[in-house]
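User: Please take a close look at a single part of the structure shown below. I should like one connected account of how it is put together, with the reasoning made explicit.

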Amino acid sequence: MCAGPRGVVALLVSALILGACGGRSSAPAADPADTAPGNGAATGQTQSVPPDLQVPKSVPQRATGPARPSSTRVIRRWLAALDGGDVERAAHYFALPSKFQNTGTPVLHIDSEEERIAVNLSLTCGARAERTGGAGAYTIVLFRLVERTGPGGGCGAGVGATARGAILVSGGLIREWYRLPDDPSAAPDAPAAPSA
């Protein structure tokens, strides 16, 4: 049985909230009994991320040069709308269609107004773009997570943590948004990033 639009949005929000906020810098100590992928527990074995949850290989993991100023402006304006609690305005920085992948989710295809609002609702932390760099058409962003000043926030223990993202902006809109691993040195075959 197919879910209606509200059911799809509810499922999307549920999936996204799992990885909406947080960064390794403020995460609690890993539980060695937890064998979930990416929990950081030192078990002597390398834990792997299931293929459908990995960032696509075509998405760069590190900056290789400066970010495009036009892309950085769009990202900062989107963050300002989200931080102020204007989720609808923040959602309109995402193109239809667009792609979105947060921690613990596969690449989601955003094809409707409801879906792009759901994606932005799932991001309960506000953020500041602390550092940006470019890698081809993508902007690589180091975010500092903050409590949102407007309604709908709830960053909690995520405040002060960092998160990394690769964002493709084209035509003044976000076309692709990927949450990158916290440690850029863990990225396979990634060139060294210039100091920014």
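Analyst: **The sheet, its packing and its charged pairs**

Arginine 179 is buried, with a relative accessible area of 12%. The model is a predicted one. The side chain of arginine 179 meets that of aspartate 182 in a salt bridge, at 2.9 Å from N to O. Aspartate 182 has a relative accessible area of 23% and is therefore partly exposed, the limit for a buried residue being under 20%.

The strands provide the setting for the rest of this account. Six of them form an open sheet with mixed pairing, in the order β2-β1-β6-β5-β4-β3. The edges are taken by β2 and β3; each has a single partner strand, so one side of each lacks a neighbour in the sheet. From one strand to the next, the twist averages 20 degrees.

Both senses of pairing can be followed along that order. β1 and β2 run antiparallel and are joined by three bridges, with lysine 99 standing opposite histidine 109 in β2. These two strands form a hairpin with six residues between them, and glycine 104 in the turn has a positive phi of about 80 degrees. With β6, in contrast, β1 pairs in the parallel sense over four bridges; there, phenylalanine 94 has isoleucine 174 of β6 as its bridge partner. β4 and β5 are again antiparallel, joined by seven bridges, and arginine 144 has threonine 162 in β5 as its bridge partner.

Arginine 144 also takes part in a salt bridge with glutamate 130, the closest N and O atoms being 3.0 Å apart. This pair links distant parts of the chain, since glutamate 130 belongs to strand β3 and arginine 144 to strand β4, 14 residues apart. Glutamate 130 is partly exposed at 44% relative accessibility, and arginine 144 is likewise partly exposed, at 29%.

Two helices lie across the strands. α2 crosses β1, β3, β4, β5 and β6, running at about 165 degrees to β3. Helix α4 (residues 113-121) lies across β1 and β2, at about 45 degrees to β1. Within α4, glutamate 113 forms a salt bridge with arginine 116, with 2.8 Å between the closest N and O atoms. The two are separated by about one helical turn, because they stand three residues apart in that helix. Glutamate 113 is partly exposed, with a relative accessible area of 27%, whereas arginine 116 is buried at 11%. In total, the structure holds five salt bridges.

The nonpolar packing completes the picture. In soluble globular proteins, nonpolar side chains tend to be buried together. Here the largest nonpolar core has 26 residues, of which Trp78, Phe100, Ile167, Ile174 and Trp177 touch the most other members. Two or more residues come from each of α2 (69-83), β1 (94-101), β2 (108-110), β3 (126-135), β4 (138-146), β5 (162-170) and β6 (173-180). α2 gives the most, with six residues. Leaving aside residues up to four places away in sequence, isoleucine 167 touches Ile75, Ala137, Tyr138, Thr139, Val141, Phe143, Ile174, Glu176 and Trp177. A second, separate core has ten residues, including Val55, Tyr138, Ile140 and Leu180. Tyr138 is thus both a contact of isoleucine 167 and a member of this second core.

How values were computed: Residues numbered from 1 in each chain as written. Predicted model: local features only at pLDDT ≥ 70, side-chain atom pairs only at ≥ 80, totals over all residues. Heavy atoms only, no water. Core = buried A, V, L, I, M, F, W, Y, C linked by side-chain atoms within 4.5 Å. Buried < 20%, exposed > 50% of the residue type's maximum accessible area, 1.4 Å probe, protein only. Contact = heavy atoms within 4.5 Å. Pairing = 2+ DSSP bridges. Axes fitted to C-alpha atoms, helices over the stretch in contact; angles between N-to-C directions. Salt bridge = Lys/Arg side-chain N within 4 Å of Asp/Glu carboxyl O.
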